[in-house]
Amino acid sequence: MKNRILLFIFFSYFFLFNLSYSEIVKFESPELKILDSGNKVIANRGVRVESDDGIIINADEGTYNKKDNILNVIGNVLIKDNIDDILINADEGVYNKKDNTINAIGNILIKDNIQNFQSSSNEIIYLKNADVIKIIGESKTNIKDKYLINSENLVYDRKKMEIFSEDLIKLED
């Protein structure tokens, strides 16, 4: 009986550990360099990355740190969240798989096709687990092709369908 309990605890721990540590599933590029005993992957001349949680990333270059589960991409960045139907275009991006966050920098256009929300800015942080998008700096936002918002530092809560800012907001109807 003791052995069964110990086996159950061991397999439960092993199973839960594997569930909490998911990784980038697919990493494609015409030019790959694998360094640091496989813990660092550098891709040049185009990269496509797929994750097990519906995130697909395309860019000119990318570096993946397997230990930290962080992907850095540069140049013509296109990030698609197939589960939440969000599309992000940017100059640079950082996907932290462990925290399930995406930081995008430079010439950003983000679209939420479910809520019919679109915003342009120079920096955003997408907190996938919280279902929140932080738009940093000046932004122009279009909601349902009805409302236009010019503001700084917007926070968009997708669950509550709320937008707020501590800065001045200019709303056009």
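**Entry 1: Aromatic pairs**

I take rings of Phe, Tyr and Trp (its six-membered ring) as paired if their centres lie within 6.5 Å. The model I am reading is a predicted one. With that criterion I looked up the aromatic pairs, and the structure holds two.

One pair is formed by F27 and Y64, with 6.2 Å from centre to centre and 35° between the planes, and I record the arrangement as tilted. F27 belongs to strand β1 (residues 24-28) and Y64 to strand β6 (residues 61-65), so this pair ties together parts that are 37 residues apart in sequence. I checked the accessibility of F27 and Y64, and both are buried.

For F117 and Y156 I noted ring centres 3.8 Å apart and planes at 10°; planes under 30 degrees apart count as stacked, so this pair is stacked. F117 sits in strand β10 and Y156 in strand β12 (residues 147-157), so the pair ties together parts that are 39 residues apart in sequence. F117 and Y156 are both buried.

**Entry 2: Overall make-up and core**

I then turned to the whole chain. The protein has one helix and 14 strands. Of its 173 residues, 37% are buried. Among contacts with a separation of 6 or more, 33% come from residues 24 or more positions apart.

Which residues have the most contacts inside the largest nonpolar core? I found F27, I57, L71, I88 and I124 in that role, in a core of 31 residues. F27 is thus a member of this core as well as a partner of Y64 in the tilted pair.

I followed I57 further. Leaving aside neighbours within four places in sequence, I57 is in contact with V47, R48, V49, L71, V73, L78, I79 and Y95. L71 is listed there, and L71 is also among the core residues with the most contacts.

**Entry 3: D53 in its loop**

Is D53 buried or exposed? D53 has a relative accessibility of 12% and therefore counts as buried, although its place is in the loop between β4 (47-51) and β5 (55-59).

I looked up the polar contacts of the D53 side chain. One is with the side chain of S51, at 2.9 Å. Another is with the side chain of Y95, at 3.0 Å. Beyond four places in sequence, D53 is in contact with I83, Y95, K97, N100 and K128. Y95 thus touches D53 and is also in contact with I57.

**Entry 4: S119 and strand β10**

S119 lies in strand β10 (residues 117-127). Its relative accessibility is 2%, so I count S119 as buried. A polar atom of the S119 side chain is 3.4 Å from the backbone oxygen of K140. Not counting residues up to four places away in sequence, S119 touches I108, L109, I110, I135, S139, K140 and T141.

**Entry 5: The largest pocket**

I next examined the largest pocket, whose volume is about 160 Å³. Its lining consists of S120, S121, N122, G137, E138, S139, K140, N150, S151 and E152. Which strand gives the most to this lining? It is β11, with four residues. β10, β11 and β12 each supply at least two residues. I note that S139 and K140, which are part of the lining, are also contacts of S119.

**Entry 6: Positive phi outside glycine**

Most residues other than glycine have a negative phi. I therefore recorded two residues with a positive value: N116 at about 55° and K144 near 55°.

N116 is located in the loop between β9 (101-112) and β10. With 36% relative accessibility, N116 counts as partly exposed. K144 is in the loop between β11 (132-143) and β12. K144 has a relative accessible area of 45% and is partly exposed as well.

**Entry 7: F164**

My last look-up was F164, in strand β13 (residues 162-164). At 42% relative accessibility, F164 counts as partly exposed. Which residues does F164 contact, leaving aside neighbours within four places in sequence? I found N153, L154 and V155. F164 and L154 are ten residues apart in sequence, and their C-alpha atoms are 5.8 Å apart in space.

Conventions. Residues are numbered from 1 along each chain as its sequence is written. This is a predicted model: local features need pLDDT of at least 70, side-chain atom pairs count only at pLDDT 80 or more; totals for chains, interfaces and linings use all residues. Side-chain values use heavy atoms; hydrogens and water are left out. Buried means under 20% relative accessible area, exposed over 50%, partly exposed in between (1.4 Å probe, protein chains only). A polar contact is a pair of N or O atoms within 3.5 Å; within protein, one must be able to donate a hydrogen and the other to accept it, and residues adjacent in sequence count only if both atoms are side-chain atoms. Contact means heavy atoms within 4.5 Å. Rings of Phe, Tyr and Trp (its six-membered ring) pair if their centres lie within 6.5 Å; planes under 30 degrees apart count as stacked, over 60 as edge-to-face and the rest as tilted. A nonpolar core is a set of buried Ala, Val, Leu, Ile, Met, Phe, Trp, Tyr and Cys residues joined through side-chain atoms within 4.5 Å. On a 1 Å grid over the protein atoms alone, a cavity is a set of points where a 1.4 Å probe fits but cannot get out, and a pocket is an open set with protein on both sides within 12 Å along at least five of seven lines; lining residues have an atom within 4 Å of a point. Grid points are joined across faces, edges and corners, and a volume is the space filled by probe spheres set on the points.
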